[in-house]
Amino acid sequence: MSKLPALATLLFAEVFCGIPGKGPSYKADAGWIDTLYSDTGVVLTAEGVSDDRYVLHWVTRSISRKSTDTLVILPSGKAQFNARSASFLLLRQGCGTACSIGYALPLNASSHELKFMYPLALDSANDLLACCSESASDKIVVVNLITQKEFVIKRPFAHGPSCATSLDSIAFQKPLALLLVWRDTSGQGHRDTIDLLSPMSK
């Protein structure tokens with residue numbers, strides 16, 4: 001018997017019957033497959049196109065999509081599921097010391113896949129992602145994943161490859177705010193609560 005029907009049966013069972021948690025790796029005709037996330041209504045897999053390259057494939061009750069880009073398995077491994085909002089799956093990939101990449105995968109047929117350097121925090125209720133600026137180590141960028149509207153927060157963070165090395169804590173708070181606990185260039189600690197209601201309202 002071909003392995004392809006077995007794969008289709010497994011995906012159907014995970015999406016529609018809700019097998020929770022991360023599943024094992026297994027083989028299929030096209031190459032290796034690793035289940036990165038599985039919960040009621042959503043299955044996310046990494047599907048190998050070679051020994052060290054793969055595409056992401058996510059399936060819901062209404063869509064089946066594959067990533068536009070082919071990803072490379074880095075020394076830290078494959079991208080891993082990090083968080084989920086109502087509209088996106090967020091994956092994180094380590095890429096070296098103080099380096100990480102975030103992938104936002106839309107749970108609909110029309111929105112685009114998004115890629116970010118240095119993802120920091122996700123507001124799952126409002127589809128907001130905070131990440132370090134790629135162009136300046138003294139900036140944090142808050143992105144609306146649906147509209148891609150951005151709000152930049154600038155602080156005199158301690159010197160480093162990114163703002164992440166200066167942060168002791170970062171978290172979204174209700175109703176729409178971002179809490180930062182950080183250190184400046186002299187090592188002094190600060191605690192800020194930034195209102196996002198006006199700049200990031202949909």
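**Aromatic pairs and the strands around them**

The count of aromatic pairs here comes to 3. Keep in mind that this is a predicted model. I'll take two of the pairs, then the strands that carry them.

Start with Tyr37 and Phe81. Their ring centres are 4.0 Å apart. The planes meet at 20°, and stacked means under 30 degrees, so this pair is stacked. Where do the two residues sit? Tyr37 is in strand β2, residues 31-39, and Phe81 is in strand β7. The pair therefore ties together parts that lie 44 residues apart in sequence.

Buried or exposed? Tyr37 has 12% relative accessibility, so it counts as buried. Phe81 has a relative accessible area of 25%, which makes it partly exposed.

Now the second pair, Phe157 and Trp182. Here the ring centres are 5.2 Å apart. The planes stand at 80°, so the pair is edge-to-face. This contact also links distant parts of the chain, 25 residues apart. Phe157 comes from the loop between β14 (150-154) and β15, while Trp182 belongs to strand β16. Both Phe157 and Trp182 are buried.

Back to Phe81 and its sheet. Strand β7 belongs to an open sheet of 4 strands. The order is β7-β8-β9-β10, and the pairing is antiparallel. Which strands are at the edges? β7 (80-84) and β10 (114-117), each pairing on one side only. From one strand to the next, the twist averages 25°.

Look at the β7 edge. Its partner β8, residues 88-96, runs antiparallel to it over 4 bridges. Phe81 has Leu91 of β8 as its bridge partner. So much for Phe81.

Next, β16, the strand of Trp182. It covers residues 177-183. Of its 7 residues, 6 are buried, so the strand is largely enclosed by the rest of the structure.

What pairs with β16? Take β15 to begin with, residues 167-173. The two strands run antiparallel, joined by 6 bridges. Ser169 stands opposite Val181 in β16. β15 and β16 make a hairpin, with 3 residues between them.

Then there is β17, residues 189-195. It pairs with β16 in the antiparallel sense, over 7 bridges. Ala177 faces Asp195 of β17 across that pairing. β16 and β17 form a hairpin too, with 5 residues between the strands. Which residue in that hairpin has a positive phi? Gly187, near 90°.

To recap: one stacked pair, Tyr37 with Phe81, and one edge-to-face pair, Phe157 with Trp182. Phe81 is in β7, an edge strand of its sheet. Trp182 is in β16, with 6 of 7 residues buried.

How values were computed. Residues numbered from 1 in each chain as written. Predicted model: local features only at pLDDT ≥ 70, side-chain atom pairs only at ≥ 80, totals over all residues. Heavy atoms only, no water. Buried < 20%, exposed > 50% of the residue type's maximum accessible area, 1.4 Å probe, protein only. Pairing = 2+ DSSP bridges. Axes fitted to C-alpha atoms, helices over the stretch in contact; angles between N-to-C directions. Phe/Tyr/Trp six-rings, centres within 6.5 Å; stacked < 30°, edge-to-face > 60°.
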